[in-house]
Amino acid sequence: MQMDRDRFFLELALEEAEKALQENTYPVGAVIVDEDFNVIGKGRNRVHTSQDITAHAEIEAIRNAGSTMFDAKINNKKFTLYSTLEPCPMCTGGILFAKIQRVVWLLNDDQGFGGYKKIKDSSVFLEKFKRVEILEEPLEDLKKRQLDLMTKWAKNPNNVVSLRKKAQVGSINPI
Ligand SMILES: [Zn+2]
């Protein structure tokens, strides 16, 4: 039952990630759900679309949930955040600030900016991390869909590697 629900919300998050890639930005999506399983916030990466370095999917979802997030902080409501990728250090901070109590992600990001497990393992904010339950990579088929989006993103003209190459071509400072 829980896994069916997790699948449902992870698929919603994947739809956001797919939209992000269509918009030529990082394919990451996130959804926040309350304890009655209502979606209270959705977000997708807007780093390239808004030219905003901090516009990550999880932060967007927290922002879009608006004042409802105070229910988690003040009334101790149990909110779950679903993301298609392991949250980075900034989003991990956002999750702890928002007092989100459960985090589920489709794909670990050890090689990239994945920060949740690294910060947790460092034992800083230990008391805060103790209040959050995590579930990583629970569904193989949906994990593959996220991996596929990441592979497509690697070839996207907005990928930082492509942008750096373009910047060097136009450089007026030849070595
Ligand atoms: Zn992030």
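Start with the whole protein chain in view: for 175 residues, a compact globule would have a radius of gyration near 16 Å, and this chain has 17 Å, which agrees. Keep in mind as you look around that this is a predicted model. Turn the C-alpha trace and you will find that it spans about 60 × 35 × 30 Å along its principal axes.

**The overall layout**

Switch to a cartoon view. The protein chain holds 8 helices and 5 strands. Following the sequence from its start, you pass through them in the pattern α-β-β-α-α-β-α-β-α-α-β-α-α.

How many of the residues are buried? Buried residues account for 33% of the 175 in the protein chain. Contacts tell you about the fold too: among those between residues at least 6 apart in sequence, 61% join residues at least 24 apart.

**Stop one: helix 1 and helix 7**

Select residues 2–22, which form helix 1, together with residues 140–154, which form helix 7. When two helices pack, two values describe the arrangement: the angle between their axes and the distance between the axes. Here the axes cross at roughly 10 degrees and come within 10 Å. Angles under 35 degrees count as roughly parallel, so helix 1 is roughly parallel to helix 7.

Now show the side chains where the two meet. On the helix 1 side, pick Arg7, Leu10, Glu11, Leu14, Ala17, Glu18 and Leu21. Their partners in helix 7 are Leu142, Arg145, Gln146, Leu149, Lys152 and Trp153. Colour this contact by class and you should get 7 nonpolar, 1 polar and 5 charged residues.

Stay with Lys152 for a moment, a residue of helix 7. Is Lys152 buried, exposed or partly exposed? Lys152 has 13 other C-beta atoms within 10 Å, so it is partly exposed. Next, add Gly29 to your selection: Lys152 and Gly29 are 123 residues apart in sequence, and their C-alpha atoms are 15 Å apart in space.

**Stop two: helix 2 and helix 4**

Move on to residues 57–65, helix 2, and residues 89–98, helix 4. What is the angle between helix 2 and helix 4? They pack at about 30 degrees, with 8 Å between their axes. That angle makes helix 2 roughly parallel to helix 4. If you look at how one passes the other, the crossing of helix 2 with helix 4 is left-handed.

Which residues do the meeting? From helix 2, select Glu58, Ile59 and Ile62. From helix 4, select Met90, Cys91, Gly94, Ile95 and Ala98. Sorted by class, the residues of this contact come out as 6 nonpolar, 1 polar and 1 charged.

**Stop three: two loop residues**

Finish with the backbone of two loops. Select Gln51, in the loop between strand 2 (39–44) and helix 2. Gln51 has a positive phi of about 50 degrees, although it is not a glycine. Is Gln51 buried or exposed? Only 12 or fewer neighbours are allowed for a residue to count as exposed, and Gln51 is exposed because it has 9 other C-beta atoms within 10 Å.

Then jump to Ser123, in the loop between helix 5 (116–121) and helix 6 (126–130). Ser123 is not a glycine either, and its phi is positive, at about 70 degrees. Count the C-beta neighbours of Ser123 inside 10 Å and you reach 8, so this residue counts as exposed.

Technical notes
Residues numbered from 1 in each chain as written. Predicted model: local features only at pLDDT ≥ 70, side-chain atom pairs only at ≥ 80, totals over all residues. Axes fitted to C-alpha atoms, helices over the stretch in contact; angles between N-to-C directions. Helix = DSSP H or I, 4+ residues; strand = E, 2+ residues; numbered from the N terminus. Parallel < 35°, antiparallel > 145°, perpendicular 65-115°, else oblique. Left-handed = near helix turned anticlockwise from the far one by under 90°. Contact = placed C-beta atoms within 7 Å. Nonpolar A, V, L, I, M, F, W, Y, C, P; charged D, E, K, R; others polar. Rg over C-alpha atoms; globule rule 2.2 N^0.38 Å. Buried ≥ 20, exposed ≤ 12 C-beta atoms within 10 Å, placed from the backbone.
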